[in-house]
Each structure stands twice: as C-alpha cells, then as structure tokens.
Amino acid sequence: MLADNEINRVLVVTAHPDDADFGAAGTVALFGDRGVEVTYLLVTDGDAGGNERTLDNTGMAELRRAEQTAAAKAVGVTDVRFLGHADGSVVPSLALRKDIARVIRQVRPDLVITHHPDRNYQFVAPSHPDHRAVGGSTLDAVYPDARNPYAFPELVKDEGLDAWTVREVWLMGGSTPNHWMDVTEAFDRKLAALQSHVSQVGHVEGFADFVKTRFAAWAEQAGFGEGHYAEGFQTVTTG
C-alpha cells in the first residue's frame, strides 16, 4: 500500500450525490487535514432520486448538485465535478471510460477511490447497478486507459492530457474490505456531509443514530474497539 506521505492527490469517483459521503467522507476529511488535495467526480446528478418529491428530474438534478457541493465543503472538498450521465441507467462503456480517464489525466491522482464493481451479497445497498458500472469503468479507466497514451489518443492530441498512472485504488461497498480507516475524529464532519443531502435523508427518522450504529459496527469489525467509527475499503495496487 501507499504510505501516507505518498498520497498527495486523491480522486473519488462515484455514481450519485451522497455516495462519497456514505462510503468515504470521514477518510476524505482526514486526507484534507493532512493537506491532501481531493477531487470528487460524480457520473450522474442523481436526478432519479428523492423522496416524495415535487421537482422534475431537471430540478432534482440541480438540487442534488447543490447538496453534494455543500456536503463536499463539510469535509474540505471544493473541487466537485459532474459528468451528467443519466441516473439509473449507467452502463460500462468506452464513452464512460473516456470521461473518467480524462479527469484522471487532469487531476493526476496518486489514489482513486470508487465503488466495488461486484455485487455485495452480505449488504445489498452498495450494489446499485450504477455503482457497479461506475466501479468497473473506473478500474478500466485507471488500467489501462489513463496510463496508455495510445488509448483515446485525442485526449493527448486535442486536449493536451498526457498519460497518467494511478498507483492505488480503494474500493467502497464490497464484501471483503482489507483496509480500515479510523474516522472517529472526523465523524462529525462525515455526519454533517450526509445530512447535507436533505432530499435523500431528511425524511429518515433516527438517521444520525443509524449512521453511528453502522460505522461503529465496522470499527468493531476492524478491531478499533468501542467508541470508534470506521470506513472500510478493498485496496488494489495498480502502479
């Protein structure tokens, strides 16, 4: 794994607004505390989400972009980008791989965080089809697309984006995490980020207690003990 001092730039690639906050906002906040530059890349605007909504998809997309921007600010992220693919119908494709590879070459991260591409049969919520499509496409964009100057050569010729090798990927939402982050000291910021998504969680009674219970259980699984909160990832060496 990369040492802490080898992680200077991080790109978090997710399908929807709130995905990064559920999976990695505590870790992101801790990165920010160390001066690491973090960029969020969202494949969709989350326009098909919302509870008891009165907005059409365009209005919901605008609202969710604003909510994600506020959530990112809560954990110190100011670079938030949206690709605008249709929520609920993301599929692995060359076009999506190119879009992600472009941003990898722009940001030039040491570490990419994204969804696990496999279905989690222990806990189904992370296995939304959009999540799996984005996770798989991001891994393909990391290897081989972003590092290969002959993949999407127009990115070099027309946009001046030279190849870039991402050295490590952390996958969220899988059933076999092998790396745990103790996010206790950043948990209030993670919770604030999640609560920024009012259209998604504002109606959930006891939401804060639910979040605390889930991430406290993961801290126990990680061996951090009582009174701690944790986020878990499966690491993939790609450098």
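Welcome! A good place to start is Arg81, which is partly exposed, with a relative accessibility of 26%. Please keep in mind that the model is predicted. From Arg81, this briefing moves on to the salt bridges, which come to ten by count, and then to two pairs of packed helices. Such a pair is described by the angle between the two axes and the distance between them.

**The salt bridge at Arg81**
- Arg81 pairs with Asp79, and their side chains form a salt bridge with an N to O distance of 3.0 Å.
- Asp79 is partly exposed too, because its relative accessible area of 25% lies between the 20% limit for buried and the 50% limit for exposed.

**A network around Arg102**
- Three residues, Asp99, Arg102 and Glu159, are joined in a network of salt bridges.
- In one of these links, Asp99 and Arg102 have their closest N and O atoms 3.3 Å apart.
- Both Asp99 and Arg102 belong to helix H3, where they sit three residues apart, about one turn of the helix.
- Arg102 also meets the side chain of Glu159 in a salt bridge, at 2.9 Å from N to O.
- This second pair ties together distant parts of the chain, 57 residues apart: Arg102 is in helix H3, while Glu159 is in the loop between helix H5 (154-157) and strand E5 (168-172).
- Glu159 counts as partly exposed, at 36% relative accessibility.

**Helices H3 and H4**
- Helix H3 spans residues 94-107 and helix H4 spans residues 129-146; they pack with axes 8 Å apart, at an angle of about 60 degrees.
- That angle makes H3 oblique to H4.
- H3 and H4 cross in a right-handed way.
- On the H3 side, the contact involves Leu96, Arg97, Ile100, Ala101, Ile104 and Arg105, while the H4 residues include Ala133, Ser137, Asp140 and Val142.
- Sorted by class, the residues in the contact of H3 with H4 are eight nonpolar, two polar and four charged.

**Helices H1 and H6**
- Helix H1 (residues 19-33) and helix H6 (residues 187-195) cross at roughly 130 degrees, and their axes come within 9 Å.
- H1 and H6 are therefore oblique to each other.
- The crossing of H1 past H6 is right-handed.
- From H6, the residues in contact are Arg189, Lys190, Ala193 and Leu194, and they meet H1 residues including Asp21, Phe22, Gly23 and Asp33.
- The contact of H1 with H6 holds six nonpolar, two polar and four charged residues.

Note on methods
Residues numbered from 1 in each chain as written. Predicted model: local features only at pLDDT ≥ 70, side-chain atom pairs only at ≥ 80, totals over all residues. Heavy atoms only, no water. Axes fitted to C-alpha atoms, helices over the stretch in contact; angles between N-to-C directions. Helix = DSSP H or I, 4+ residues; strand = E, 2+ residues; numbered from the N terminus. Parallel < 35°, antiparallel > 145°, perpendicular 65-115°, else oblique. Left-handed = near helix turned anticlockwise from the far one by under 90°. Contact = heavy atoms within 4.5 Å. Nonpolar A, V, L, I, M, F, W, Y, C, P; charged D, E, K, R; others polar. Salt bridge = Lys/Arg side-chain N within 4 Å of Asp/Glu carboxyl O. Buried < 20%, exposed > 50% of the residue type's maximum accessible area, 1.4 Å probe, protein only.
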